[in-house]
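Biologist: Could you take me slowly through one place where two helices pack against each other, and then show me how that place is tied to the rest of the chain? I am new to this, so please explain each term as it comes up.

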Amino acid sequence: MKKLIPILLAFMMLLSVTACSAAPEAPAAPAVEAPAATEAPVAEAPAAEEAPAAEEAAELEDTLVVYSTHSEELLEVVAKAFEEKTGVKVESINLKGELADRVRSEKENPQADIMYGGDSATHTILKGEGLFAATTPSWGAELDPLFKDAEGYWYGTIKTPVLLFYNKDVMTAEEAPKDWADLTKPEYKDKIVVRDSLSSSMRSTICNLIDFNTASAGEDAAWQYLKDLDVNVKGYYNSGSMMYAALGKGEAAVSWAVLSDIVTNRDKNEMPFEIIDAASGSVVLTDCIAALNNAPHPNAAAAFVEFAGSKEVQAMLANQFSRTPTLSAALPDCPAWMQTEYKALPVDWANISSNQLAWLEQWETDVIDTGKNVAKD
């Protein structure tokens with residue numbers, strides 16, 4: 001177990017990639033990226049003339065260091081816009097799966113000011129380790145409590161819904177499941193295909209389902225649900241393209257995936273997919289931002305949190321990088337497919353962050369039928 005924890009911790013950081021990489025679960029071919037920016041007017045970065053008054057700008061340090069899991073292209077766009085607005089020079093470093101470890105290693109002598117990227121569970125853990133400083137951005141009160149720390153130590157700036165969907169050429173709306181609980185019914189045996197345990201969104205979905213079912217029915221019922229679900233799963237795919245191909249050809253009818261991937265395959269690849277707004281709610285992964293405790297440039301860090309989470313920047317990233325905003329106020333300026341809001345599955349991220357390593361080990365060891373794994377040739 002001790003040897004396995006570091007491996008699982010690394011996988012935990014992969015959860016952030018679901019929102020930080022351009023459509024990470026998207027099929028390699030022939031799928032394309034999520035709907036292009038032409039679907040909605042591109043939101044301009046906050047204009048230079050909106051910059052703070054000179055006396056306010058003087059209070060900011062002249063440099064800011066950002067550690068992130070976001071793509072270099074996205075970081076460059078945000079950094080450039082922030083520099084134009086404030087005059088603060090931004091140095092951004094993409095650490096991907098090493099982000100949390102890097103922040104931890106520098107706790108006594110922080111070299112960065114901002115952690116930009118990483119999911120709610122990761123931010124909850126690092127907050128508990130005293131690594132963040134609280135901030136009070138003007139837009140913070142507008143965020144759903146699911147997307148922020150109650151004490152202001154971190155905020156969600158991007159959300160990635162994971163939704164149930166089905167092939168409407170194979171199954172009617174009446175026949176399709178209406179909620180996660182329905183997936184264990186006998187009529188769905190061998191009609192479900194999903195990603196395998198290496199998929200970040202799959203792992204996060206499992207943790208969300210364990211937490212939700214434990215809260216509503218107890219821990220034993222939560223694990224029995226996963227075992228019953230495994231019975232109905234036809235295949236666990238290690239390739240998104242293979243999974244979507246199986247669904248598109250009608251080899252199975254039901255699955256779940258990140259919203260942008262479903263939309264891409266439905267709209268660009270003309271696959272007959274219909275999204276299900278689950279009655280209990282859908283899994284929502286949240287990419288967050290936090291100012292680091294004892295940061296070398298604290299004023300610039302607070303200003304960057306304010307900037308990066310603003311509705312203008314969220315809309316800009318929605319149009320240029322297909323990142324769904326957490327702020328409802330940003331949605332009118334985003335692509336049309338983002339403007340349908342889906343109910344979020346109510347979960348306790350603190351509980352997930354405390355238990356996910358053990359949960360994932362138990363799920364992989366005691367629940368999954370590895371004989372159903374489907375590997376890419």
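Modeller: Two residues are in contact when heavy atoms lie within 4.5 Å, and the elements are DSSP runs numbered from the N terminus, with helices (H or I) of at least four residues and strands (E) of at least two. This is a predicted model, in which local features need pLDDT of at least 70 and side-chain atom pairs count only at pLDDT 80 or more, while totals for chains, interfaces and linings use all residues. Residues are numbered from 1 along each chain as its sequence is written, and side-chain values use heavy atoms, with hydrogens and water left out.

The pLDDT, the predictor's confidence in each residue on a scale from 0 to 100, has a mean of 87 for the protein, and 84% of the residues reach 70 or more. Over residues 47-58, however, the pLDDT is below 50, and this stretch has six contacts beyond near neighbours in sequence. Residues 1-45 also stay under 50, although the model gives them 109 contacts beyond four places in sequence. Where pLDDT is low, the predicted coordinates should not be read in detail.

The place I have chosen is where H7 and helix H8 (residues 219-232) meet, their axes coming within 7 Å and crossing at roughly 135°. Such axes are lines fitted to C-alpha atoms over the stretch in contact, and the angle runs from 0 to 180 degrees between N-to-C directions. H7 and H8 are therefore oblique to each other, since angles under 35 degrees count as roughly parallel, over 145 as roughly antiparallel, 65 to 115 as roughly perpendicular and the rest as oblique. The crossing of H7 past H8 is right-handed, meaning that the near helix is turned clockwise from the far one by less than a right angle. On the H7 side, the residues that meet H8 are Ile206, Leu209, Ile210, Asn213, Thr214 and Ala217. On the H8 side, their partners are Glu219, Ala221, Ala222, Trp223, Tyr225 and Leu226. An α-helix has 3.6 residues a turn, so residues three or four places apart point the same way.

H7 is also tied to another part of the chain, through a salt bridge (a side-chain nitrogen of Lys or Arg within 4 Å of a carboxyl oxygen of Asp or Glu) between Arg203 and Glu364, whose closest N and O atoms are 3.4 Å apart. Arg203 belongs to helix H7 (residues 200-217) and Glu364 to helix H13, so that this pair links distant parts of the chain, 161 residues apart. Arg203 is buried, its relative accessible area being 2%, whereas Glu364, at 29%, is partly exposed. Here buried means under 20% relative accessible area and exposed over 50%, with partly exposed in between (1.4 Å probe, protein chains only).

The structure holds 11 salt bridges, and another of them joins Glu341 to Lys159, with the closest N and O atoms 3.5 Å apart. Glu341 sits in the loop between strand E11 (324-325) and helix H13 (349-367), and Lys159 in strand E5 (residues 155-167), 182 residues away. Of these two, Lys159 is buried at 11% relative accessibility, while Glu341 is partly exposed at 43%. Asp182 and Lys185 form a further pair, with their closest N and O atoms 3.2 Å apart.
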